[in-house]
Amino acid sequence: MNAQNLIAVAFQCGVELTPAGDKIRYSGKIPDGLLDSLRKHKQEVLTYLIAEEKLAYFADLYEWDLDDLMDWYKNDYADIARLDLSQLLNVVRFYLENYDLCRCTDKN
């Protein structure tokens, strides 16, 4: 099971997962089997959660859809997770400003 699936299962069980340094915090009652899976895949889940948290910040900043940003950077979660926000700002800004489908053009 990959990180996204584990997070989705946790959500379906009413458990919220959040990154906390090198740990994963959760709220709600977590089933034992899910807890074992989260422990087994901790780094992958943590990387995903950190990347999602950072990209959510930029989705809000640019009024962009978080799912689109998550999809665009799906192969780069480890890089996104390790970058600080100022470095990531340059990456996201460059992408949004230079990727043709992201730019709004007024043809009038």
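## A tour starting at Leu88

Select Leu88. Beyond its neighbours up to four places away in sequence, Leu88 touches Lys54, Leu55, Phe58, Ile80 and Leu83. Keep in mind that this is a predicted model.

**Step 1: the whole chain.** Zoom out and colour by secondary structure. The protein holds 6 helices and 2 strands. Starting at the N terminus, the order of elements is α-β-β-α-α-α-α-α. Now look along the principal axes. The C-alpha atoms fill a box of roughly 60 × 25 × 20 Å. Of the 108 residues, 31% are buried. Consider next the contacts between residues at least 6 apart in sequence: 51% of them join residues at least 24 apart.

**Step 2: the core.** Which residues have the most contacts inside the largest nonpolar core? Select Leu17, Leu38, Val45, Leu55, Leu69, Leu88 and Val92. The core they belong to has 30 residues. Now show the helices that feed it. At least two core residues come from each of helix 1 (3-12), helix 2 (32-40), helix 3 (42-61), helix 4 (66-72), helix 5 (77-82) and helix 6 (85-98). Helix 3 gives the largest share, with 9 residues. In soluble globular proteins, nonpolar side chains tend to be buried together.

**Step 3: helix 3 against helix 6.** Select both helices and hide the rest. Their axes lie 11 Å apart, and the packing angle is about 55°. Helix 3 and helix 6 are therefore oblique to each other. The crossing of this pair is right-handed. Show side chains at the contact. From helix 3, pick Lys54, Leu55, Tyr57, Phe58 and Leu61. From helix 6, pick Leu85, Leu88, Leu89 and Val92. How do these residues divide into nonpolar, polar and charged? The contact of helix 3 with helix 6 has 8 nonpolar, no polar and 1 charged. Leu88, the starting point, is one of the helix 6 residues here. Its partners Lys54, Leu55 and Phe58 are among the helix 3 residues of the contact.

**Step 4: two more stops on helix 3.** Select Glu53, which lies in helix 3. Is Glu53 buried, partly exposed or exposed? Its relative accessibility is 48%, so Glu53 counts as partly exposed. Draw a C-alpha to C-alpha distance from Glu53 to Leu88. The pair is 12 Å apart in space and 35 residues apart in sequence.

Move to Thr47, also a helix 3 residue. Thr47 has 16% relative accessibility and therefore counts as buried. What does Thr47 contact, leaving aside its neighbours within four places in sequence? Show Tyr77, Ala78 and Ala81.

**Step 5: helix 1 against helix 2.** Now select this pair. The helices pack at an angle of about 150°, and their axes are 11 Å apart. That angle makes helix 1 roughly antiparallel to helix 2. Their crossing is left-handed. Bring up the side chains. Leu6, Val9 and Ala10 of helix 1 meet Leu34, Ser37 and Leu38 of helix 2. The contact of helix 1 with helix 2 has 5 nonpolar residues, 1 polar and no charged. Leu38 was selected earlier, as one of the residues with the most contacts inside the largest nonpolar core.

**Last view.** Put both helix pairs on screen together. Helix 1 and helix 2 show a left-handed crossing, whereas helix 3 and helix 6 show a right-handed one. Then return to Leu88 and its contact with Ile80 and Leu83.

Conventions
Residues are numbered from 1 along each chain as its sequence is written. This is a predicted model: local features need pLDDT of at least 70, side-chain atom pairs count only at pLDDT 80 or more; totals for chains, interfaces and linings use all residues. Side-chain values use heavy atoms; hydrogens and water are left out. A nonpolar core is a set of buried Ala, Val, Leu, Ile, Met, Phe, Trp, Tyr and Cys residues joined through side-chain atoms within 4.5 Å. Buried means under 20% relative accessible area, exposed over 50%, partly exposed in between (1.4 Å probe, protein chains only). Helices (H or I, at least four residues) and strands (E, at least two) are DSSP runs, numbered from the N terminus. Contact means heavy atoms within 4.5 Å. Axes are lines fitted to C-alpha atoms, for helices over the stretch in contact, and angles run from 0 to 180 degrees between N-to-C directions. Angles under 35 degrees count as roughly parallel, over 145 as roughly antiparallel, 65 to 115 as roughly perpendicular and the rest as oblique. A crossing is left-handed if the near helix is turned anticlockwise from the far one by less than a right angle, and right-handed if clockwise. Ala, Val, Leu, Ile, Met, Phe, Trp, Tyr, Cys and Pro count as nonpolar, Asp, Glu, Lys and Arg as charged, and the others, Gly among them, as polar.
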